[in-house]
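I opened this notebook to keep track of what I looked up, entry by entry. The topics are covalent links, charged pairs and a few single residues.

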Amino acid sequence: MPRIGKTSRKSTQQQPRTNKKRGVRCTHIIFLVIAAIFIAVLANIRWAVIGKEEPATNAEGHALLRSGKSDAVAHNLQEDILRAEKELEKLREPAQMPEEIYGRASQIQKVAPPSHQLAIPSAQAPAAEKPSKAGSSIKEKSTAQISAAAARAAATRPIERTPPVIVGGTDGSGTRGVVSLLLSLGVLMLTDEGGDGGCQYDVHGKELHPSGWPPVVQRVLRYSESADYQLGDLPASDRKATTDAIAGMARAFRERVRKGVARGKKGAYTRWGFKAPVTMYLLPFWAEVFPDATFVHVVRDGRDMAFHWLQSPVKRYWPHLFPEEYQALSPSKRTENSLIPTSGSYEGRAYIYDVPKLNRAPHFRIAELWSKSNLGAESAGRRLASAPEAAHLGAFLTVRSEDFVTTEDRYAAAASALLRSVYSPESVSDHELCCLVTSHWSAEQRSTGWVKNVANYGKWRLAVAKYDGGLDRDDDATLGGGITGRARWALERFGYIEDKRSTVDQRSTPGKWEGYAGAVDCAALDLTGCQAAAAHKQKCL
């Protein structure tokens, strides 16, 4: 029969050993976490800082996966990540996890890109060595694990910490129609409008400057003279001041999103964003402050835009985009009201500066601004979306607003490409996406504003015919010819002119309009049983 004292001594002796084991286990866990973080740092993952977003992908990881040489590396890396993830789960309750640790855990999970970004065509694989079945299975397994880790990170991250969807384009190009589609798919859109019964879904940049966007954009364009520039092209002081201002706005936006999500129905929102046409001039800053953001660039026929009544951007930005032409004007012609007069008349829906007589110069300036701004924005967007460095856009898409008001096929192509640029197939299936697209198309056909919207397009023909008696695009002395000649490069690039008569430098300017590469072929899917999407009535946030 064992003595009580002896048993007591054993219990007493075992207690320090137990504590020691626990200490060893905690040390092991901490080591795993540090090791995972160290691996992420080596992989060039940039931690989230105040005013900046977490990158969803890693350029070096992309390069390894494309090379076909990373099976073992990706497999071992993911094993370490998953092991650290399991240990972290044992140590905390999800709701009580501190934000600092929470952010790092999300970053550890997001070392590798989502699976939809890993769909590399087989033609890109090295032709010299055909992978074995075993190698393929390892790669497929590692890709699946990486995708699962990214999905878990996205599912647990607060919406305000996800990259935003930014909608920009020339004023009057149709950005509001794009927002309506995003709202229907659960994107929370911020707006500074409200109180009058409806949201315009515009943010005015008051967080940047008391006067809003113009002073900030003018400071940038004063040096860049284009929407396509590198941050290094700007003076260090101006670059820092603009970056700091936008970072501060980003913090304010995230707080508004957090409050909006808290007030809304649980699960109602999946991403967030904002719309401001002028954002097209700040693309390099968005890539810096919001890595992996999605930018939707909306364009409209520049000839229609030349007869749009809202032309304050010409007054604000034309002198900075065309400084030599501006300086060549006499002092009396440099005033805002001389650049764009305050009086005109309507011919149909086209606004013409013809009071007391026709003034072609304002229409020519509108065409110049439209062409240079949109070509620069598209060039910058494409470059930043494919940039290997940390400061990059997650996606960049140019959509033509005319495609939303023409045929169902063009509507489906534009709308599905737009939604697919925001959500991967893992988040929203092609069937779900096409159900939403066809539902919106049907609703638009039934709406009372459909005919009005369609009539707004092609209005330039009436205005040109009134003064030129025809549509001669070669005569620069005519109203229509002068507008077309000044906007020709962009008209060709975005598919508004079929024939190519200009001397576009194909080495620096993309060629013919290619359509929508990310579009889903909704016509090939069986959409019977799709239910009409309910109208999304988001409160102004």
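Before turning to individual residues I fixed my meaning of contact, which is heavy atoms within 4.5 Å. I also note at the outset that I am working with a predicted model.

**Entry 1, a residue in the C-terminal segment**

I began with Leu 525, which I found in the segment after helix 19. Leaving aside residues up to four places away in sequence, I listed its contacts as Asp 430, His 431, Cys 434 and Val 520. I then looked at one of these partners by distance: Leu 525 and His 431 are separated by 94 residues in sequence, yet their C-alpha atoms are 7.0 Å apart in space. The relative accessible area of Leu 525 came out at 33%, so I recorded this residue as partly exposed.

**Entry 2, disulfides**

How many disulfides does a search of the whole structure find? I noted two.

I took the pair Cys 434 and Cys 522, whose sulfur atoms lie 2.1 Å apart. Cys 434 belongs to helix 16 (residues 430-446) and Cys 522 to the segment after helix 19 (479-493), so this disulfide ties together parts of the chain that are 88 residues apart in sequence. The torsion about the S-S bond of Cys 434 and Cys 522 is about -80 degrees, and I therefore wrote the disulfide down as left-handed. For the surroundings, I recorded Cys 434 as buried with a relative accessible area of 0%, and Cys 522 as buried at 8%. Cys 434 had already appeared in my previous entry, among the contacts of Leu 525.

I went on to Cys 435 and Cys 530, which form a disulfide with their sulfur atoms 1.8 Å apart. This pair likewise links distant parts of the chain, since I placed Cys 435 in helix 16 and Cys 530 in the segment after helix 19, 95 residues apart. Here the torsion about the S-S bond is about -50 degrees, so I entered this disulfide as left-handed. Which of the labels, buried or partly exposed, applies to Cys 530? I had to write partly exposed, because its relative accessibility is 25% and the label of buried requires a value under 20%. Cys 435, by contrast, counts as buried at 11% relative accessibility.

**Entry 3, salt bridges**

Side chains of opposite charge can pair when their charged atoms come close. My count of salt bridges came to 16, and I followed some of them up individually.

The salt bridge between Arg 256 and Glu 207 has its closest N and O atoms 3.3 Å apart. Arg 256 lies in helix 8 (residues 236-263), while Glu 207 lies in the loop between strand 2 (187-190) and helix 7 (213-224), so the pair ties together parts that are 49 residues apart in sequence. I recorded Glu 207 as partly exposed, with a relative accessible area of 31%. The pair does not stand by itself in my notes, for Asp 192, Glu 207 and Arg 256 are linked in a network of salt bridges.

I next looked up Arg 383 and Asp 228, a salt bridge in which the closest N and O atoms are 2.9 Å apart. The two residues are 155 places apart and link distant parts of the chain, with Arg 383 in helix 14 (residues 360-385) and Asp 228 in the loop between helix 7 and helix 8. Both partners are partly exposed, Arg 383 at 26% relative accessibility and Asp 228 at 27%.

Returning to helix 8, I found the side chains of Glu 255 and Arg 258 meeting in a salt bridge at 2.5 Å, N to O. Because these two residues are three places apart in helix 8, they are separated by about one helical turn. I marked Glu 255 as partly exposed at 32%, and Arg 258 as partly exposed at 37%.

**Entry 4, Thr 175**

I closed with Thr 175, which lies in helix 6 (residues 175-184). Is this residue buried or exposed? It counts as buried, since its relative accessibility is 7%. Its side chain makes a polar contact with the side chain of Lys 275 at 3.2 Å. Apart from residues up to four places away in sequence, I found Thr 175 touching Val 167, Gly 168, Gly 169, Lys 275, Pro 277 and Val 298.

How values were computed
Residues numbered from 1 in each chain as written. Predicted model: local features only at pLDDT ≥ 70, side-chain atom pairs only at ≥ 80, totals over all residues. Heavy atoms only, no water. Disulfide = S-S within 2.5 Å. Buried < 20%, exposed > 50% of the residue type's maximum accessible area, 1.4 Å probe, protein only. Polar contact = N/O pair within 3.5 Å; in protein donor to acceptor, adjacent residues only side chain to side chain. Salt bridge = Lys/Arg side-chain N within 4 Å of Asp/Glu carboxyl O.
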